[in-house]
Amino acid sequence: MADIVGVNRASGGYQEKRVQYDAPGAVLELSAALKWLWRREGIPETVLCIGTDRSTGDALGPLVGTTLSQKRLGPIRIFGTLEDPVHAANLTDYIRAYPSLLTSRVFAIDASLGRLPDVGTLTAALGPLKPGAGVNKQLPALGRYHLTGTVNVGGFMEFFVLQNTRLNVVMKMASCIAEAFVQSLGLS
């Protein structure tokens, strides 16, 4: 579970864009937001999909990573799939093995918990992502830009909530993210 770090809304362009995954035109709108991020900061060198397949609500990142790893994305590296997830228990190992995760253009993707009206919201934003913040984990902030998907309601018994999140919603959110990402690179 992630928390957004140091993001402010700006007039003119935007620092953060929110899209409801099931809204008409969601993929196009999210793709446009990602294109804006790429124009501003450059196309990502790495996509870091954070989460675990052992929790329905936290599987958003690995589902996106698995889908993207099956696409032809050129030199963009994908970390975090269903087969090889990146999560709280092994994130620091990944950073040690790949120190460029702290310095290169990393696009971090993670699930988040939020308010009931925000469930299903995908948020693309500039700045690093603080993984694990939603479940009180102390992990390093990562990414030049990031995307979070609010998969369920937070604030009480987060681990139980994550275990009881509808897989259908998480899979549809992951599909929207992956499709928008590919479109944003002009590959679809």
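Which residue follows α5, and what is the sign of its phi? Select Gly 186 in this predicted model: Gly 186 comes after α5, and its phi is positive, near 75 degrees.

**Stop 1: helix α5**

Next, select residues 167-184, the 18 residues of helix α5. At 1.5 Å a residue, this helix should span 26 Å, and its end C-alpha atoms are 25 Å apart, which agrees. Colour the buried positions of α5, among them Val 169, Val 170, Met 173, Ala 174, Cys 176 and Ile 177. Further along the helix, Ala 178, Ala 180, Phe 181, Val 182 and Ser 184 are buried as well.

To display what covers these buried residues, add the helices α1 (26-41) and α2 (60-69). The cover also includes the strands β3 (46-49), β5 (106-114), β6 (121-126) and β8 (145-153).

**Stop 2: Thr 150**

Move from α5 to strand β8 and select Thr 150, which lies in that strand. Thr 150 counts as buried because its relative accessibility is 7%, under the 20% cut-off. Leaving aside neighbours within four places in sequence, Thr 150 is in contact with Met 173, one of the buried residues of α5. Its other contacts on this basis are Ser 112, Leu 113, Gly 114, Asp 118, Val 119, Gly 120 and Thr 121.

**Stop 3: Asp 118 and its partner**

From the contacts of Thr 150, select Asp 118. The side chain of Asp 118 meets that of Arg 115 in a salt bridge, at 3.2 Å from N to O. Side chains of opposite charge can pair when their charged atoms come close. Asp 118 counts as buried at 19% relative accessibility, whereas Arg 115 is exposed, with a relative accessible area of 54%.

**Stop 4: further salt bridges**

The count of salt bridges comes to five. Select Arg 18 and Glu 16, whose side chains form one of them, at 3.0 Å from N to O. Arg 18 is partly exposed at 37% relative accessibility, while Glu 16 is buried at 12%.

Then select Arg 40 and Glu 41, which form a salt bridge with their closest N and O atoms 3.7 Å apart. Both partners are partly exposed: Arg 40 at 46% relative accessibility and Glu 41 at 27%.

**Stop 5: a nonpolar patch**

Finally, select Phe 156, in the loop between β8 and α4 (158-163). Phe 156 counts as exposed because its relative accessibility is 61%, over the 50% cut-off. Add Met 157 and Phe 160 to the selection; with Phe 156, they make a nonpolar surface patch of about 370 Å².

Conventions. Residues numbered from 1 in each chain as written. Predicted model: local features only at pLDDT ≥ 70, side-chain atom pairs only at ≥ 80, totals over all residues. Heavy atoms only, no water. Helix = DSSP H or I, 4+ residues; strand = E, 2+ residues; numbered from the N terminus. Expected span 1.5 Å × (residues − 1). Buried < 20%, exposed > 50% of the residue type's maximum accessible area, 1.4 Å probe, protein only. Contact = heavy atoms within 4.5 Å. Patch = residues over 30% accessible without salt bridge, like charges linked within 9 Å, V, L, I, M, F, W, Y side chains within 5 Å. Areas by Shrake-Rupley, 256 points an atom, 1.4 Å probe, with all protein chains shown as cover. Salt bridge = Lys/Arg side-chain N within 4 Å of Asp/Glu carboxyl O.
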